[in-house]
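Please open the model in your viewer and keep the selection tool at hand. We will go through it one selection at a time.

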Protein chains: 2
Amino acid sequence: MKQTITVGLLGLGTVGSGVVEILHDHKERIQHKTGCDVTIKAALVNDPSKKRELPTSSTLLTDRHEDITNDPDIDVIVEVMGGIDHTFTILMEAIKNGKHIVTANKDLIAKHGAELFEACQENKCDLFYEASVAGGIPVIRSIMDGLSSDRITKMMGIVNGTTNYIMTKMAQEGVDFDSVLKEAQDLGFAEADPTADVDGLDAARKMTILSILGFSMPYQLEDVDVKGIRGISLEDIKYAEELGYRIKLIGIAENDESGVSVSVEPTLLPIHHPLSSVNDEYNAVYVYGDAIGETMFYGPGAGKLPTATAVVSDLIAVLKNIRLGTTGTAYVQPQFPTQVKAKQQQWTKKYLRLQVQDQPGTLNEMTHIFAEYGISFDQIIQRSSEKEDQREIMMVTHQVSEEDFEKARQDLEGLASVKSIDSIFRVEGGN
Amino acid sequence: MKQTITVGLLGLGTVGSGVVEILHDHKERIQHKTGCDVTIKAALVNDPSKKRELPTSSTLLTDRHEDITNDPDIDVIVEVMGGIDHTFTILMEAIKNGKHIVTANKDLIAKHGAELFEACQENKCDLFYEASVAGGIPVIRSIMDGLSSDRITKMMGIVNGTTNYIMTKMAQEGVDFDSVLKEAQDLGFAEADPTADVDGLDAARKMTILSILGFSMPYQLEDVDVKGIRGISLEDIKYAEELGYRIKLIGIAENDESGVSVSVEPTLLPIHHPLSSVNDEYNAVYVYGDAIGETMFYGPGAGKLPTATAVVSDLIAVLKNIRLGTTGTAYVQPQFPTQVKAKQQQWTKKYLRLQVQDQPGTLNEMTHIFAEYGISFDQIIQRSSEKEDQREIMMVTHQVSEEDFEKARQDLEGLASVKSIDSIFRVEGGN
């Protein structure tokens, strides 16, 4: 049995140096758990000549990935450099050379997961990617193993820390979106280009990965409906609170007899729902199963050490498999073909905020439209508006199909008495 | 490779029939995931002649455990009958016959876990016990695999559904302990003899199992400090709320350089702490790790199908190991010897409620005692009492050693102006 497992790092940035730190600090623990030592032989970096605290003085720093993917000594490749297509090419090369892969790269897995898994199976290699969703929370493993006997019907996730941080600050401190974003960028919580986070793409990638795994179906990123948080105003947050809800950016994946729908959008959740208490940069994934009922996994969704914890836990799983001679057996092909539910068939509750003319008959005109499409209401609030001759109305509907709701929305926009529809959000839970 | 795995059930009560149900309903899913079929060949029951919906018509019902433990066809034994010493004897016999074990029995694992694991290692058998702690929540697996790279420093658990249900009802509906207990018994949430739940023993067993695993140390049930929920009054719940806290029965396991302390006791938690929102019969385990920071696992702590989900997920893990030829390799001996922290060395915050004489100098006498032992306060509330010449005082201290606090408590009791000390509870979090 091998006594030493040799690792090559692709990337030595924040997460990469976290991996080095954990492997160093927990050397004895890992030795005890796996019965072998881990050595980092080489690390791919942009500039090998740059001074840095090396993994160890004997670790080769290189800017040529072949030094790692072609090195016959290296057993496992830890990919923490990010990127999609170029990284994919490198990893496919590595897998052909028999390297096992641990990656934290959600973009890569969401786009090329299936091809990578296939290559791994052919070459009896392991591929683990716990860190790609919800950072340090072991949610991939929980779905794969802990809930393996159950049929998962729905998953709701707060899977993007940046947007959750922004929405928490907006709600708790009453500061508007642009100011909080600026602050988050200054603190390093948000990227200089926040698009992927703020517009929901990052969350969509993670929901794709969860859906493939949870529903055992090769769901595509392109089939996720994505709406980001730019349109959320402080007014909406305040009114939601008054109606008994918090607004969060929620990824929702649902699986029923008519297919699977996956979306990422600002969603009103009842204040007492466990996800409503997930604040700041924390992540959580709420899973519904036929047998389990409801369960939630909560923790840090990003950060150097939490993410590195997930990477090294995956690495430990690979080490065990290498020693037991069972690499390449963890992956299970999706059981079902993808069945995307048509948008029109989706039923949800909706929150609307609109400005209307303050005159007799306005509300009646509106309720007439809703009645026509069979849409009924859970709650309605009417308020005076900033403009004297207008009123602001907030409504929460009961379940309505997207198709009917869209028709009603168009009819509403056609009313002279409706000045503007300011916000429309999905509502989960409640009555 | 084996195409069919044969299971023997010890027990066919609530959880046992849940296991049968899941194996039946999710037959194809399990077949897909593991590549083999599962057959239940025999079940141990008290009265084989009793009419019941059998697992299948070909399943042998027997009241002789030897029919199962000695049957060479049976690969895996699923123990869902409960009991400690007698069950232990049966399982040891089964392990000697090479049977793999899946159990939901916390009492057994807390008391005889080490011996069972040793026997399993000798006989290359698997032993899984996910359902023994927190029902359907895959917390054992998360600690064992998902957080395997981290050093766990503290775990806080709401691990008893009955007491959490009682405390939730008390807090939300203002009904006293006895009435809620009665209602819970009528609804089947509480046993006719509620002692093990209400007095904290059940939670203590689960915390023992978590501590052994999380701290890699053979911690003993006898070393857990246990205090149940009988002493909690509606007044305490109300005052705690006013001070910004909820009272929950919390199992706390801590590991620092001076050793490990494990306790189960009513504890005040800040209202915004994620555990404070864990209501009704739900369970949750909050884990602190050096690298991960804080993470929480939430879900149903009991119930037929949630518990059976955990059992069948364990069974799937055994199936995979049988097919891969890697049974008996999952268990890792504890890395460290047990080091129980002396009670006096433990530091916590405390909540006190006392009745005092309404006369000049009373508060001064009290604060003098606290000052003597270096105990300072986070919050104090004084109220009028039901008795006209008395006042009620609620205090929350800063961190204090158990030793100093006990001395102060004794001195307080010696004061003529202190009529009674009604409640003392631990406080977690806050400043």
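Start at the interface of domain 1 and domain 2 of chain A in this predicted model, where four salt bridges are found. For one salt bridge to display, select Asp107(A) and Arg205(A): their closest N and O atoms are 3.1 Å apart. While you are here, show polar contacts too, since six residue pairs across this interface of domain 1 and domain 2 of chain A are in polar contact, both residues at pLDDT 80 or more.

Next, colour helix H5 (106-122) and helix H12 (304-324) of chain A. Each of them supplies at least two residues of the side of domain 1 that touches domain 2. Colour that side of domain 1 by residue class and you will find eight nonpolar, three polar and four charged residues.

Now step back and colour chain A by domain. Select 4-135 together with 304-324 for domain 1, 139-300 for domain 2 and 344-427 for domain 3. The contact between domain 1 and domain 2 of chain A takes 15 residues from domain 1 and 13 from domain 2. These two domains of chain A have C-alpha centres 28 Å apart and bury about 1300 Å² between them, with 65% of that on carbon and sulfur atoms.

Then bring chain B into view. How many salt bridges does the rule find across the interface of chain A and chain B? Here the count is zero, while 18 residue pairs are in polar contact, both residues at pLDDT 80 or more.

To trace the side of chain A that touches chain B, select helix H2 (27-34), helix H6 (139-146), strand E11 (282-289), strand E12 (293-300) and H12 of chain A, each of which supplies at least two residues. H12(A) gives the most to this side, with eight residues. By class, the side of chain A facing chain B holds 21 nonpolar, 17 polar and 10 charged residues.

Turn on a surface next. Chain A and chain B bury about 4300 Å² between them, 56% of it on carbon and sulfur atoms. Highlight Arg29(A), Ser149(A) and Tyr298(A): they supply 15% of the area that chain A buries against chain B, more than any other three residues. In all, 48 residues of chain A and 48 of chain B take part in the contact.

For the last stop, zoom in on E12(A) and strand E12 (residues 293-300) of chain B. The two strands run antiparallel and are joined by three bridges. Select Phe297(A), and look for its bridge partner in E12(B), which is Phe297(B).

Conventions. Residues are numbered from 1 along each chain as its sequence is written. Chains are lettered from A and ligands numbered from 1 in the order in which they are written. This is a predicted model: local features need pLDDT of at least 70, side-chain atom pairs count only at pLDDT 80 or more; totals for chains, interfaces and linings use all residues. Side-chain values use heavy atoms; hydrogens and water are left out. Domain bounds come from an automatic or database domain assignment. Contact means heavy atoms within 4.5 Å. Buried area is the accessible area (1.4 Å probe) that two parts lose on being put together, summed over both. A salt bridge is a side-chain nitrogen of Lys or Arg within 4 Å of a carboxyl oxygen of Asp or Glu. A polar contact is a pair of N or O atoms within 3.5 Å; within protein, one must be able to donate a hydrogen and the other to accept it, and residues adjacent in sequence count only if both atoms are side-chain atoms. Helices (H or I, at least four residues) and strands (E, at least two) are DSSP runs, numbered from the N terminus. Ala, Val, Leu, Ile, Met, Phe, Trp, Tyr, Cys and Pro count as nonpolar, Asp, Glu, Lys and Arg as charged, and the others, Gly among them, as polar. Two strands pair if DSSP finds at least two bridges between them.
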